[in-house]
Amino acid sequence: MTMIKSLLPSGCYDLLPPHARQESEVSYNLLSVFESFGYEQVSPPLLEYSDSLLSGRGNSLSSQIFRVIDPTANRVMGIRPDITLQIARIAVTRMNHSPRPLRLCYNGLILRMQGEQLKSDRQLHQAGIELIGAATAEADAEIILIAAEALKKVGIKKISIDLNLPSIVSSLLAAEKFEEAELQILLNAIAHKDISVIKNISFSYRDTLIGLLQNSGAAEQVLGNIERLELPDRARRQCADLRQVVEILRRHNNPDWNITIDATENRGAAYHSGISFSIFVDGVACEVGCGGRYKIDGENSKHDLEATGFTLYVETLLDILPQAERAKRILISVGISDVSASELRDKGFTTVYALTEYGNCTMEAKRLGCGYLYKDNEIIELNETKEEK
């Protein structure tokens with residue numbers, strides 16, 4: 001067979017041994033933590049009809065969807081750019097009658113049209129949870145605590161939890177009537193924390209907004225500063241919820257957590273409508289995970305509209321974790337008994353059968369990446385200086 005060499009699309013990648021195995025192990029460990037907290041796994045499809053992916057708040061990710069035509073139905077399909085919105089769909093359709101709060105978890109690949117400035121990958125591996133039907137600070141704190149526990153399970157203990165209130169900006173601007181161009185200038189200035197531009201725009205809570213932008217850092221100090229600002233009722237309620245989340249996290253008294261607040265930051269999904277957060281690890285420029293509160297449109301029950309969750313990026317975790325090591329590989333002869341081969345596997349060896357055409361020798365074992373050779377009913381440990389026999 002003739003193999004045609006080709007480059008992968010930008011932002012896509014192959015995972016080779018032993019990293020592919022490590023990815024599976026990390027995913028398994030994350031899911032085991034999620035399930036231990038009562039979150040049941042679901043697995044939505046990679047492809048959906050685009051109108052389904054774009055329904056409700058999914059429209060915020062419209063520019064990230066790869067589209068293809070379904071030749072059987074002659075409809076436009078989209079490759080999912082995010083799994084959270086699929087979980088929301090499942091919650092209000094297939095699991096509409098399941099008791100609330102509904103706790104679901106997931107693990108899978110997504111594909112986006114464009115990477116981010118600090119994360120150029122377009123092929124991403126998400127693992128996360130969604131808590132649907134709960135609208136309290138306790139629910140927000142629960143998902144953050146589970147995210148921290150999941151990271152600890154895979155070997156990451158020291159983390160920075162950056163809490164945000166991205167919807168507080170809309171609370172401050174709710175009563176304003178801006179021209180579209182002026183609003184875009186203001187929103188762009190907020191995104192870049194460009195206070196000089198904001199000072200030149202007149203609106204009621206301008207000083208409050210500037211105060212929010214100027215306050216970021218240690219959670220308790222920032223909260224105290226924010227609470228002294230002039231805030232509309234809705235924004236004050238959001239701050240009260242944020243304080244409660246911080247208090248719940250602090251009760252766990254974990255010295256490995258650095259808890260900060262940057263109220264107006266919005267690194268996560270555009271559909272977040274309440275408290276959101278990003279998790280960082282020292283030495284990594286981008287976040288290892290993010291999450292927050294959002295609303296699911298289309299339900300009659302107000303309680304069902306509220307949800308919160310998080311996503312961890314598995315490929316980012318693989319870059320942080322120690323390099324994966326291969327299992328103990330041992331080269332064995334084709335003629336070895338099934339009992340002997342099974343006993344070797346029970347001892348933790350990965351058995352690799354030596355094909356007759358290549359022989360069963362030290363050189364062949366090393367060529368195949370085996371650190372051991374089974375010969376004459378004996379396990380022989382190999383090293384670089386061992387001579388060929």
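In the predicted model, F349 and Y372 are both buried. The ring of F349 also carries a charged neighbour, since K328 lies over its face at 4.4 Å from the ring centre. A comparable arrangement involves Y49, whose face is covered by R75 at 3.8 Å from the ring centre.

Three aromatic pairs are present in the structure. One of them joins F178 and F203 in an edge-to-face geometry, with 5.9 Å from centre to centre and 75° between the planes. Because F178 belongs to the loop between α5 (168-173) and α6 (180-191), whereas F203 belongs to the loop between α7 (195-198) and α8 (206-214), this pair ties together parts that lie 25 residues apart in sequence. F178 and F203 are both buried. For F349 and Y372, the ring centres are 5.0 Å apart and the planes stand at 80°, so that this pair is likewise edge-to-face. Distant parts of the chain are linked by this pair, with F349 in strand β14 (residues 349-354) and Y372 in strand β15 (residues 372-375), 23 residues apart.

The largest nonpolar core comprises 73 residues, within which L30 and F34 have the most contacts. Helix α4 (residues 137-153) gives the most to this core, contributing eleven residues. A second core, separate from this one, consists of 22 residues, among them L61, I83, Y294 and Y313. When residues up to four places away in sequence are left aside, F34 touches Y39, C105, Y106, A127, G128, I129, I146, A150 and F310.

How values were computed:
Residues are numbered from 1 along each chain as its sequence is written. This is a predicted model: local features need pLDDT of at least 70, side-chain atom pairs count only at pLDDT 80 or more; totals for chains, interfaces and linings use all residues. Side-chain values use heavy atoms; hydrogens and water are left out. A nonpolar core is a set of buried Ala, Val, Leu, Ile, Met, Phe, Trp, Tyr and Cys residues joined through side-chain atoms within 4.5 Å. Buried means under 20% relative accessible area, exposed over 50%, partly exposed in between (1.4 Å probe, protein chains only). Helices (H or I, at least four residues) and strands (E, at least two) are DSSP runs, numbered from the N terminus. Contact means heavy atoms within 4.5 Å. Rings of Phe, Tyr and Trp (its six-membered ring) pair if their centres lie within 6.5 Å; planes under 30 degrees apart count as stacked, over 60 as edge-to-face and the rest as tilted. A charge sits over a ring if NZ of Lys or CZ of Arg is within 6 Å of the ring centre and within 35 degrees of the ring normal.
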